[in-house]
Amino acid sequence: RDARPWSGWVETGEDDLPADNLRYFAAQVLDTIRVLIVNGDPSAFPYKDGAFFLKAALQCGLQPNQLSPIRTDIIAPQDLSTQDLHRYACVVLANVARIEEDWPRRLADYAQQGGGVLIFCGDRVDPASYNINFSRPLSTGLSLFPGPLGDLKDAKSREEGFFRIQRVDSGHPIFRDIIRQIDLGTTQVRQFITVAPESVKDWTVLAQLDEGGVTLRDEVRKQ
């Protein structure tokens, strides 16, 4: 996470109180952001690879022919224990089948020091492994998981063959800027894993499926 120091100032126009019209600042600016992707579902066919679409999304530039400042490293699950996580701004577990015993502590320590952790559950995930390892008490007091994983819900028995996103909180920052550009109601969800939140009263539902399943929740935890 090498950063370059920058300094500058912000100045407003003349008014009756000139003493606060000029303010100086200093900041550490990153040229690139490194993201570690732990790929739990590799494939020789790119569109079937568990990290393919995630990597493609992260490497999209803001403008055509513009490189993204995000650099991705992709590793196998068995290599995570030997990685220096602090080289990365974020660690992503992408459809990783099982959680090793030392991962929750390492990931919690990393998150406590400012790192980002994303966990994407897919069809390879073993809920029992996640529940056992992420439920262990950590010295940091930080829990990375919202609650126990439940059953895998499949849409094969439905006439359409998929679930639809029925409701979203369009005012939330995660949806606010994209809700006018895409119709989330056309999104097809074929499988999802249920989560039983430990404290339902602390959750805000951001998106919900037409069969009642919650696809996205928001919780603010004070640490």
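User: Why does Asp109 count as partly exposed?

Analyst: Asp109 has a relative accessibility of 25%. Buried means under 20% relative accessible area, exposed over 50%, and partly exposed in between (1.4 Å probe, protein chains only). The value of 25% falls in between, so Asp109 is partly exposed. A word on the source: this is a predicted model, where local features need pLDDT of at least 70 and side-chain atom pairs pLDDT 80 or more, while totals for chains, interfaces and linings use all residues. Residues are numbered from 1 along each chain as its sequence is written, and side-chain values use heavy atoms, with hydrogens and water left out.

User: What makes Arg105 and Asp109 a salt bridge?

Analyst: Their closest N and O atoms are 3.7 Å apart. A salt bridge is a side-chain nitrogen of Lys or Arg within 4 Å of a carboxyl oxygen of Asp or Glu. The 3.7 Å passes, so the pair counts. Both residues lie in helix α2, four residues apart, about one turn of the helix. Arg105 is partly exposed, at 44%.

User: How do you know that α2 is a helix and β7 a strand?

Analyst: Both are DSSP runs: helices are H or I over at least four residues, strands are E over at least two, and numbering starts from the N terminus. Strand β7 covers residues 149-154 and holds Leu152. At 46% relative accessibility, Leu152 counts as partly exposed.

User: How many salt bridges are there, and which parts does the Arg98–Asp126 pair tie together?

Analyst: The structure holds five salt bridges. In one of them, Arg98 meets Asp126 at 2.5 Å, N to O. Arg98 sits in the loop between β5 (90-94) and α2 (103-112), and Asp126 in the loop between β6 (116-120) and α3 (127-134), so the pair ties together parts that are 28 residues apart in sequence. Asp126 is partly exposed at 24%. Another salt bridge joins Arg164 and Glu160, with closest N and O atoms 3.4 Å apart. Arg164 is partly exposed at 28%, and Glu160 is partly exposed at 43%.

User: Why is Asp49 said to have no salt bridge?

Analyst: The nearest side chain of opposite charge, Lys55, is 8.8 Å away, and Asp49 is buried. Lys and Arg count as positive and Asp and Glu as negative; His and the chain ends are not counted. Asp49 lies in the loop between β3 (33-39) and α1 (52-58). A polar atom of the Asp49 side chain lies 2.8 Å from the backbone nitrogen of Ala51.

User: What makes the patch of Phe45, Tyr47, Phe52 and Phe53 a nonpolar one?

Analyst: Patch residues have over 30% relative accessible area and no salt bridge; nonpolar side chains (Val, Leu, Ile, Met, Phe, Trp, Tyr) are joined within 5 Å, like charges within 9 Å. Phe and Tyr are on the nonpolar list, so these four qualify by type. The patch is about 480 Å². Tyr47, in the loop between β3 and α1, is exposed at 54%.

User: Which residues form the negative surface patch?

Analyst: Glu11, Glu14, Asp15, Asp16 and Asp20 form it. Asp16 is found in the loop between β1 (3-11) and β2 (22-30). Asp16 is exposed, at 82%.

User: Why is Asn95 called buried?

Analyst: Its relative accessible area is 10%, so Asn95 is buried. Asn95 lies in the loop between β5 and α2. Its phi is near 55 degrees, a positive value in a residue other than glycine.

Methods
Areas by Shrake-Rupley, 256 points an atom, 1.4 Å probe, with all protein chains shown as cover. Charge placed at Lys NZ, Arg CZ, Asp CG, Glu CD. Polar contact = N/O pair within 3.5 Å; in protein donor to acceptor, adjacent residues only side chain to side chain.
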